[in-house]
Amino acid sequence: MRVSRRAASLGTENAFVVLAEVNALARQGKDIVSFCIGQPDFPAPEHVQEAAIRAIKGGKHGYTPSAGIDELREAAARYMAAMRGGLPIRPEDVVVGAGAKPFIAYAILSTTDYGAGDEVVYPNPGFPIYESQIAAHGARPVPIHLYESRNFSFDPKELEKALSSKTRLLILNYPHNPTGGCLTRKELETIAAVLKNFPEVWVYADEIYSRLAYVGDFFSIAQVPGMYERTIISDGASKTWAMTGWRIGFTSNPVLAPVFTRWITNTDSCASQISQWAAVAAINGPQDAAQRMKESFLDRRNLIVRLLDDVPGVKCQVPGGAFYAWPNVTEACRMIGAADSEEFRKRLLHEAGVAVLADIHFGSRVPGEGQHVRFSYAASKEAIEKGVARMADFIKKNTRKAA
């Protein structure tokens, strides 16, 4: 029996592929320090857990409206508006999903037509599901390169070249996975100015790390005059309140909210009611646990950048948000005789017991940008110190061998 071309070509999220490899090695008794999965290493706040227990014991076990319970839509509307300079987000503009990830597909499905030659511009390197979903849904993926010299943003002139009469959607992600880069207000205003010449292009603003921006207040492209109606704002509970497995995302757009609701009716029916009540508590309750997590990630960012910069052949730009470091290992590859970052990653895992992801796990390698790997520093300080020390020893030892 055959599977469809669409299914056969569907991409994946290599963090989970590498995690399976790491777990297999761990079952064999190997000591692995893992930096491959991007999720907080904290429990969800206590009051969030208690809200879920109340929901279970209160019999909140059934379906909800596909767009989510009213209480969560109202809370998410207030929250997203307050985070974004008082945007006029109404509860009816907000749709709740089983995580933020499904809205990537819903946005592509709602703005492009299969096989019509429609194009979607997305960041490269970037979250691998962008390219995978664009292709799977019959649109043409158009990458726009992010540059280390620009703090991992793209050149607006290149954006202008990438856009065309066939472009239907531009995906922006900030703070950014995998580089930790942030787009500044000035950069977002420049992007909006470019988009004025392309009024039919929607923007998918993947802002799931909005509460983990470390430099200044978070600013959304939806706040730029003229951009609110055409911007799909995507946020959620996973990163801010350590609720990855609870699967709650919320997305806002005044035009597309009813369309997204129909997609959910056709796919998941609704998000878990129990998780929705927990998310209400997360948004409306005390924010001290979320703030402590952010402060901890900032401390870890400073630690891992300092340590990586001391590793032979490695240089690491300071990420502006999220919990990822994207060190340049071009020289380290040369020193140990590794052909590229993927060979470097594999050898680092099997010879030193350190699990990271290679740049090719996030798209095609950007020409002229060298070799990079991704560390998720959602790990303990002890793990960071141990893992980076192993990496340094691995490079030193193999440099002698190569020599």
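Lys 401 counts as exposed, at 61% relative accessibility. By exposed I mean over 50% relative accessible area, by buried under 20%, and by partly exposed anything in between, with a 1.4 Å probe and protein chains only. The areas come from the Shrake-Rupley method with a 1.4 Å probe, and for residues only the protein chains shown count as cover.

Before I go on, the basis. This is a predicted model, where local features need pLDDT of at least 70, side-chain atom pairs count only at pLDDT 80 or more, and totals for chains, interfaces and linings use all residues. Residues are numbered from 1 along each chain as its sequence is written, and side-chain values use heavy atoms, with hydrogens and water left out.

Back to Lys 401. Its place is in helix α14, residues 381–402. Helices here are DSSP runs of H or I with at least four residues, strands are runs of E with at least two, and both are numbered from the N terminus. Lys 401 belongs to a positive surface patch together with Lys 396, Lys 397 and Arg 400. A patch takes residues with over 30% relative accessible area and no salt bridge, and joins like charges within 9 Å or nonpolar side chains (Val, Leu, Ile, Met, Phe, Trp, Tyr) within 5 Å. For the sign, Lys and Arg count as positive and Asp and Glu as negative, while His and the chain ends are not counted. Each charge is placed at NZ of Lys, CZ of Arg, CG of Asp or CD of Glu.

Next, salt bridges. The criterion is a side-chain nitrogen of Lys or Arg within 4 Å of a carboxyl oxygen of Asp or Glu. How many salt bridges does this rule give? The count comes to 18.

I will show three pairs and a network. Arg 185 and Glu 189 form a salt bridge, with the closest N and O atoms 3.2 Å apart. Both residues lie in helix α8, 4 residues apart, which is about one turn of the helix. Glu 189 is partly exposed, at 36% relative accessible area.

In the second pair, Arg 90 meets Glu 92 at 3.6 Å, N to O. Arg 90 is partly exposed at 41%, and Glu 92 is partly exposed at 45%.

The third pair is Asp 359 with Arg 365, at 3.1 Å, N to O. Is Asp 359 buried or exposed? Asp 359 counts as buried, at 5% relative accessibility, whereas Arg 365 counts as partly exposed, at 27%.

The network links Glu 21, Glu 342, Arg 345 and Lys 346 through salt bridges.

On to the cysteines. A disulfide is called when two cysteine sulfur atoms are within 2.5 Å. A search of the whole structure finds 0 disulfides. Cys 182 is in none, and the nearest cysteine sulfur, that of Cys 316, is 14 Å away. Why is Cys 316 not bonded to Cys 182? Because the sulfur of Cys 316 is 14 Å from that of Cys 182, the closest cysteine sulfur, which is too far for a bond. As for exposure, Cys 182 is partly exposed at 26%, and Cys 316 counts as buried at 7%.

Now the backbone, starting with two cis peptide bonds. The bond from Asn 124 to Pro 125 is cis, with omega near 0°. Pro 125 is in the loop between β3 (119–124) and α6 (128–136). Asn 177 and Pro 178 are also joined by a cis peptide bond, and there omega is about 25°. Pro 178 is found in the loop between β5 (167–173) and α8 (185–195).

Then there are the positive phi values. Which loop holds Asn 151? Asn 151 is in the loop between β4 (140–145) and α7 (156–162). Its phi is near 60°, a positive value in a residue other than glycine. Phe 152 likewise has a positive phi near 60° and is not glycine, and its place is also in the loop between β4 and α7. On accessibility, Asn 151 is partly exposed at 49%, while Phe 152 counts as buried at 7%.

The last residue is Phe 35, in the loop between β1 (33–34) and α3 (46–57). Phe 35 is buried, with a relative accessible area of 0%. Its C-alpha atom is separated by 13 Å from that of Asn 14, and the two residues are 21 apart along the chain.

That is the end of my slides.
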